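Q: I am new to reading protein models, and I would like a close look at one place where two helices pack together. Could you walk me through it step by step?

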Amino acid sequence: MYKNYIKTTLRSLKKNRLFSLINIFGLAAGIAASVFILQYAFFELNFDRFHKNSSNVYRVMNERFEGERLIQRGQITYSAVGKQMFEDYPEVVDYFTLSTFGQNVIEHNQNPVKIPFSILVEPSFFEMFSFNVIAGNPKEVFDQKRKMVVSEDVAKRLFQSDEGNWDKYIGEIIRMGSSRMEYELVGILEDAPPNSSLQYEVILSRATTFDFSPQAEFGWLGSDYFHYVQLDERADPASLVQKFEDFSNKYFKGNQVTGTYEKFHLQPLEDVYLYSDYEYENHQTSDGSMVWILILIAAFILIMAWINYINLTTSKSLQRAKEVGVRKVVGATKKQLVIQFLMESLTLNFLAFILAITLVQVFQNSFNLLVERELGLIDFLSSQLYGTPVFLWLFGTLLLGSFLSGVYPAFILAAFNPSQSLKGQFAKSSKGQLLRKTLVVFQFALSIALIAGTVLVYQQTTFMRNQDLGVNMERVLTVEGPALTNMDTTFVERIQQFSNKLEQNSRIEKVGTSASVLGSRLPRTFNVRTSPEGEGTMLNRINANFGFLDVYKIEIIAGRNFIPSDHHREFSLIKGVILNEKASQLLGFESAQDAVNKKLTFFGRDWEIIGVTADFHHRSLKSSIEPLMVSPFYNGGDDTYHIRIDDSNLPETIEYISQTFDEFFPNDIFEYNFMDARFDNQYKADQQFGKIFNIFSLLAIAIACLGLFGLAGYTAIQKTKEIGIRKVLGASITNILHMLSKEFFLLILLASVIGLPLIFLGARLWLAGYEYQTDIGTAFFLLPVMVVLFVAATIIFGQSMKTAQSNPVKSLRQD
């Protein structure tokens, strides 16, 4: 019996080649696209879950208030917090405190290696996190000072070896920074997994800093520390958080230090990557909403592919109805017919699955380049979801989809009355037509929504990149300060001499320095007052020299810019600061001009406002303009040089800058970037999401069009007799095309009425994550409808033209 089902199925697929190819290719494309998207989504959703304690580890987060105003929301807080929570709450079974060093250089046997940052931790770091130690035993000695662990990649560069026998390097002395501070290498870790939100290259023992700062070990005054706690498996995190208000009231000394109030809460480690929007972030983060949007697109693509199958199967009902009538006349039962049609559905889906897997393997590398991840089909299929391999989930979904997409046509076709079937009357029934119309509307409502979404993503990313920031970053080169040169008491003069030498080149317009670069989170100064008894205010702060504002052409709207005499190597001799307009307003000045020459109090003494700039964006347009203070401090080797150049002979200009750098800072590391590219890197995730969204949205639309291609063709075939009669009565080809297309266009317009309001609501929700938003203009509503109408018209006219041009005599001879 089943052998006969298989033979009949293969015969049917061979007989209906076009129908079979459209369905197999449409389903294969849908399955392949869904697998690609789910690969990426599962990778993103599984960040940090490789840690054995991931479900019990939390970050301690804080919100800092100045009166009722929220001024800071992040993880950075006081060194005592983690230890005090461990001592006060039995729910906390372990903890560690983390701090960071910025960009630096480590050196072994005169081989320098530049590192972007290093983290300082305590021994429990190696217990709470599951990073693999491949040499040494750092947790046993990391409570001591000047101990170092490096990643395997850094070890290869540092020791200029990739032989893998790292144990022989344990105990080596590594020097760090311009001071050449010596650290003992006590461990080497495997490189941080790509699905770890906390990355590392160099890890130092936090005890090293205890000599430098009395507050580093345990204190409530300096807030430069990150805390992680591990809770007992039976603990309720929500109940513990409720106790933190009393904790803050008991220990926090904000009124003494910053004039602020602080609240604490916990964030699960497993939520850090996708659900973080915090300041001073030390983890890699992404946007969970974007991942879920892509998962929805994957679901839509798969559903649309199955809808194509249902549409094409039911639209072909005229031909299959006659087949059913013959089968029933010769004795076939309804059960046998249902099994036969389900067998066809399962066979067709199985062939599509095989083709889909082939497509995934062929295009895997291209997809990996798109998402900038090293993904693989085997890794994806063998990964776990709720304790079950993803392969079983995927297989079950495909089996269920195959069954559901085949069961309706199977039962409808198997239920035909033999006499009606042989007359082909089902094609005229309202039930069959209503089903096809409903599915067409659903497909094109999704297609219109996806096109509108594509338009919106493009408009928003373009808007952010082209908006006037109040800063001119074109043709600005940034050069990292000398990391190995020991900057002595002459560092101010040395920096100015280096800048002056650069400006002697006619291709260099201006040079400035700063401790922070545009696009990064700036340090903050709390408790800034206009009078000793006044209310304190928090301001962002950037330390910069007299050339910085000129390099970026930032407008001074009142007062003056810094001049060389405003700088001094002695902190106590520096007097002046510059505010942006928002800071002057926040401090209560009536105008920018009113703020000039007024006094501010912070850092325990008075300062003078010498100028006010127009507001400008120092971060991406996802954030609002913040109150900002520019201070004339040099940070020595930590400063970044900002160099405005002309666009003539760029290689020669860079070579001149490099040679001048070597002249002033011999044997140091020269490293440069272009500021506009560096700033635009903030939008990298949005641009990547836009590319992924666009590609798979277009694929979903293509699958919908593939179904329309088949459906329009079968509709034209079903109306062959009607077309013949109309042509005999004098209808033109234009009349015939209008008759065949009118119904489809009405369905597309109905789909527009359904799809556009839904995507409009989704657009408002998505844009809410941006402080500065593009306008949802007429293109958002008109372009998707016009595109779908144009594509549909092309397909329908192409499919209908042959029938419309056919000889009416031949048409009327059919059946």
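A: Here is a walk through one helix pair, with a little background before it and a second pair after it. Keep in mind that this is a predicted model. The chain has 815 residues, and 54% of them count as buried. Its secondary structure comes to 26 helices and 26 strands, so let's pick out just two of the helices to begin.

Find helix H16, residues 491-503, and then helix H20, residues 650-664. Their axes come within 10 Å of each other and cross at roughly 150°. An angle over 145 degrees counts as roughly antiparallel, which is why H16 is described as roughly antiparallel to H20. The crossing of these two helices is right-handed.

Now zoom in on the side that H16 turns to its partner: Arg494, Gln497, Phe498, Lys501 and Leu502 are the residues in contact. On H20 they meet Tyr656, Ile657, Thr660, Phe661, Glu663 and Phe664. Sorted by class, the residues of this contact are six nonpolar, two polar and three charged.

For a second example, look at helix H3 (residues 81-88) and helix H7 (residues 244-251), whose axes lie 12 Å apart at an angle of about 120°. H3 and H7 are therefore oblique to each other. Their crossing, too, is right-handed. Here Val81, Gln84, Met85 and Asp88 of H3 meet Phe244, Phe247 and Tyr251 of H7. That contact has five nonpolar residues, one polar and one charged.

Notes: Residues are numbered from 1 along each chain as its sequence is written. This is a predicted model: local features need pLDDT of at least 70, side-chain atom pairs count only at pLDDT 80 or more; totals for chains, interfaces and linings use all residues. Side-chain values use heavy atoms; hydrogens and water are left out. Helices (H or I, at least four residues) and strands (E, at least two) are DSSP runs, numbered from the N terminus. Buried means under 20% relative accessible area, exposed over 50%, partly exposed in between (1.4 Å probe, protein chains only). Axes are lines fitted to C-alpha atoms, for helices over the stretch in contact, and angles run from 0 to 180 degrees between N-to-C directions. Angles under 35 degrees count as roughly parallel, over 145 as roughly antiparallel, 65 to 115 as roughly perpendicular and the rest as oblique. A crossing is left-handed if the near helix is turned anticlockwise from the far one by less than a right angle, and right-handed if clockwise. Contact means heavy atoms within 4.5 Å. Ala, Val, Leu, Ile, Met, Phe, Trp, Tyr, Cys and Pro count as nonpolar, Asp, Glu, Lys and Arg as charged, and the others, Gly among them, as polar.
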